[in-house]
Amino acid sequence: MLNFLGRWIGPWSVASTTSTDYFGKTTLNDPARKHLKAQLISHLSRNRWSSWRAVNGVIFRKSLREELSKIVVPTLVIAGDEDLCMDPSRSEQLATSIAGAKFSRIPLGGHAITLEQPAAVNAVIEEFITSLQSPRSNH
């Protein structure tokens with residue numbers, strides 16, 4: 001239904017409703033972070049009318065799970081432990097399908113983990129990149 005409304009009325013019509021799916025309960029319940037939701041609603045509302053195509057592409061795409069074993073580069077998969085869009089356990093399964101991939105679950109964050117916990121995300125990425133530069137790297 002939301003996809004239909006977004007397609008025919010415009011992205012602004014569903015921005016407020018869908019914005020709560022991006023954030024974890026910790027962020028949504030923190031009055032000091034109310035601005036994050038407002039910023040996301042503003043951003044989503046400005047999407048092109050044709051953005052429904054991208055949404056449909058994500059919702060209805062064929063699974064590429066069998067392709068994951070072909071990835072041969074160092075890979076980092078990050079998930080917020082309060083993600084409502086993709087259960088963190090699915091992200092962890094995705095990582096186990098990629099040889100040598102590292103998985104990191106970040107506390108107190110949802111699907112918009114880079115907005116909710118930027119310092120934690122940056123630390124995980126920095127640690128991952130540093131591990132690739134180390135002579136003992138297993139990648």
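**Figure 1. The salt bridge between E67 and K70.** In this predicted model, E67 pairs with K70 through a salt bridge. The closest N and O atoms lie 3.0 Å apart. E67 is partly exposed, at a relative accessible area of 34%. K70 is exposed, at 57%.

**Figure 2. The salt bridge between E66 and K62.** E66 forms a salt bridge with K62. Here the closest N and O atoms are 3.3 Å apart. E66 counts as partly exposed, with 43% relative accessibility. K62 reaches 59% and counts as exposed. The count for the model comes to five salt bridges.

**Figure 3. K102 and E127, a salt bridge between a strand and a helix.** K102 forms a salt bridge with E127, and the closest N and O atoms are 3.9 Å apart. This pair links distant parts of the chain. K102 sits in strand β2, E127 in helix α8, and 25 residues separate them along the sequence. K102 is partly exposed, with a relative accessible area of 28%.

**Figure 4. S104 in strand β2.** The view shows S104, a residue of strand β2 (residues 102-106). Is S104 buried or exposed? At 10% relative accessibility, S104 counts as buried. The cut-off for buried is under 20%. With neighbours within four places in sequence set aside, S104 contacts V77, I78, A79 and V124.

**Figure 5. The buried face of helix α6.** Helix α6 covers residues 88-96, and its residues P88, S91 and A95 are buried. Viewed down the axis of α6, the buried residues fall within an arc of 55°, so they line one face of the helix. What covers these residues? The cover includes β1 (76-80) and β2.

**Figure 6. Q117 in the loop between α7 and α8.** Q117 is found in the loop that joins α7 (113-116) to α8 (118-133). Q117 is buried, with a relative accessible area of 18%. Which backbone atom does the side chain of Q117 reach? It reaches the backbone oxygen of L108, at 3.1 Å. L108 also appears among the contacts of Q117 once neighbours within four places in sequence are left aside. The others are R33, I106, P107 and G109.

**Figure 7. Helix α4 and its buried leucines.** Helix α4 runs over residues 34-45 and has 12 residues. From its first C-alpha to its last, α4 reaches 17 Å, close to the 16 Å expected at 1.5 Å a residue. L36, L40 and L44 are buried in this helix. Down the axis of α4, the buried residues fall within an arc of 65°, so they line one face of the helix.

**Figure 8. Y22 beside α4.** Y22 belongs to helix α2 (residues 12-22). Y22 counts as partly exposed, at 28% relative accessibility. Which residues does Y22 contact, leaving aside its neighbours within four places in sequence? Two of them are L40 and L44, both buried residues of α4. The rest of the list is G110, H111, A112 and E116. The C-alpha atoms of Y22 and L40 are separated by 8.9 Å, with the two residues 18 apart along the chain.

**Figure 9. The whole chain, for orientation.** The chain has eight helices and two strands. Along the sequence, they follow the pattern α-α-α-α-α-β-α-β-α-α. Of the 139 residues in the chain, 27% are buried. Among contacts with a separation of 6 or more, 64% are between residues 24 or more positions apart.

**Figure 10. Confidence along the chain.** The mean pLDDT of the chain is 82. A pLDDT of 70 or more is reached by 74% of the residues. Over residues 4-9, the pLDDT is below 50. This stretch has 10 contacts in the model beyond near neighbours in sequence. Where pLDDT is low, predicted coordinates should not be read in detail.

Definitions and conventions
Residues numbered from 1 in each chain as written. Predicted model: local features only at pLDDT ≥ 70, side-chain atom pairs only at ≥ 80, totals over all residues. Heavy atoms only, no water. Helix = DSSP H or I, 4+ residues; strand = E, 2+ residues; numbered from the N terminus. Expected span 1.5 Å × (residues − 1). Buried < 20%, exposed > 50% of the residue type's maximum accessible area, 1.4 Å probe, protein only. Arc of directions from axis to C-beta. Polar contact = N/O pair within 3.5 Å; in protein donor to acceptor, adjacent residues only side chain to side chain. Contact = heavy atoms within 4.5 Å. pLDDT = per-residue confidence, 0-100. Salt bridge = Lys/Arg side-chain N within 4 Å of Asp/Glu carboxyl O.
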